[in-house]
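Good morning, colleagues. I should like to use these few minutes to discuss how a ligand is held in a protein model. Please look at the structure as I speak.

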Amino acid sequence: MSLEELSKLVEDGETEEAEELAAKLLKDGSDPLLMIEELTKTMGHVGDLFAKLEIFLPEIMLAGEALSGVVKVMEPYLDAAGGQQVKGKVILGVVKGDLHEIGKNIVGLILETNGFIVKDLGYDVDPLTFVKEAEAMDADFIGASSLMTTTMPRQKEIIEILLDKGIRDKFKVIIGGAPTSQMWADEIGADLYCKDAKSTPDALTALLA
Ligand code: B12
């Protein structure tokens, strides 16, 4: 019973078995954050196999479903926040044209369990909607996820809208997702790039300090 076996079950899209093994590993004391880190690597590998035409869309879908199942099992183990004071308000979503939501869901979960209030707008979210929702919530942060090189420009559009409206300073814009980088964040003028969910709560807290 190991993390490698769990990775293999997720890669193979064996949802039920993956959920069972995850439950057992967590019960035996495995660190859920370490699990997320490993499984993110697994999904990167799945993506590489897809790019090399060694597997096809149905297999990726099954792997995605298995990972989502494992994340559900993990939820109670991440719940460390009870009674903490609110650290900040976050509007979170996946940008327009992009349906990859698993990473965003993990980020939302980890932020909530670390004392942030999160409004999750889901996936395929229009840049203007991020801005309108952030204004309505009086949010501290706008978190935008993009998993495809073709949808990364939508992150930039969010910042452009904020600039056009003269409200750029009101919100910290946080970007993430596998193809994004610090270099991209600098290029588009985002306030922060986070490479994984684990580092996000502390990075956000530091930005407000
Ligand atoms: C699973 C998957 C799917 C699933 C998604 C299921 C779902 N419900 O989300 C399905 C099958 C639907 C899918 C569809 C497609 N996919 Co796909 N998919 C993947 C895959 C294998 C894994 C993504 C994933 O879940 N990773 C696991 C999570 C946990 O990692 P993560 O998202 O990176 O998130 C972590 C960090 O990045 C960070 N993070 C993420 N977001 C944010 C946001 C903020 C604010 C912060 C702070 C941090 C943060 O925290 C997370 C946790 O640590 C990737 C490969 C890859 N390298 O990522 C391809 C990949 C992204 N897909 C790809 C493609 C091409 C497609 C399709 C176009 C295929 C097709 N021909 O139809 C469609 C596009 C659909 C669309 N319009 O979006 C390409 C994109 C290539 C590109 N142009 O850049 C990839 C890279 C595969 C490849 N190598 O070719 N896919």
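Let us begin at the metal. In this predicted model, the cobalt atom of the ligand has a single donor from the protein, namely NE2 of His 100, at 2.2 Å. Where in the fold is His 100 placed? His 100 belongs to the loop that runs between β1 (88-94) and α5 (102-112).

I turn now to the surroundings of the ligand. There are 34 residues around the ligand, and those that come nearest include His 100 and Glu 101, together with Leu 99, Ser 145 and Thr 149.

Some polar contacts involve the protein backbone. A polar backbone atom of Gly 97 lies 3.0 Å from a nitrogen atom of the ligand. For Ala 178, a polar backbone atom is 3.5 Å from an oxygen atom of the ligand. An oxygen atom of the ligand is also 2.9 Å from a backbone N or O atom of Ala 197.

The ligand takes up the space of the largest pocket. Which elements give two or more residues to the shell around the ligand? They are the helices α3 (32-51), α4 (57-78) and α5, with the strands β3 (141-145) and β4 (172-176). Of these, α3 gives the most, with six residues.

As to composition, the shell divides into 18 nonpolar, 12 polar and four charged residues. Finally, both domains take part: domain 1 (3-78) and domain 2 (88-208) each supply at least three residues to the shell around the ligand.

Thank you for your attention.

How values were computed:
Residues numbered from 1 in each chain as written. Predicted model: local features only at pLDDT ≥ 70, side-chain atom pairs only at ≥ 80, totals over all residues. Heavy atoms only, no water. Donors = N, O, S within 2.8 Å, 3.2 Å for Na, K, Ca; no water. Helix = DSSP H or I, 4+ residues; strand = E, 2+ residues; numbered from the N terminus. Near = heavy atom within 4 Å. Polar contact = N/O pair within 3.5 Å; in protein donor to acceptor, adjacent residues only side chain to side chain. 1 Å grid on protein atoms, 1.4 Å probe; cavity = no way out; pocket = protein on both sides within 12 Å on 5 of 7 lines; lining within 4 Å. Sits in = over half its atoms within 2 Å of the grid points. Nonpolar A, V, L, I, M, F, W, Y, C, P; charged D, E, K, R; others polar. Domains from an automatic or database assignment.
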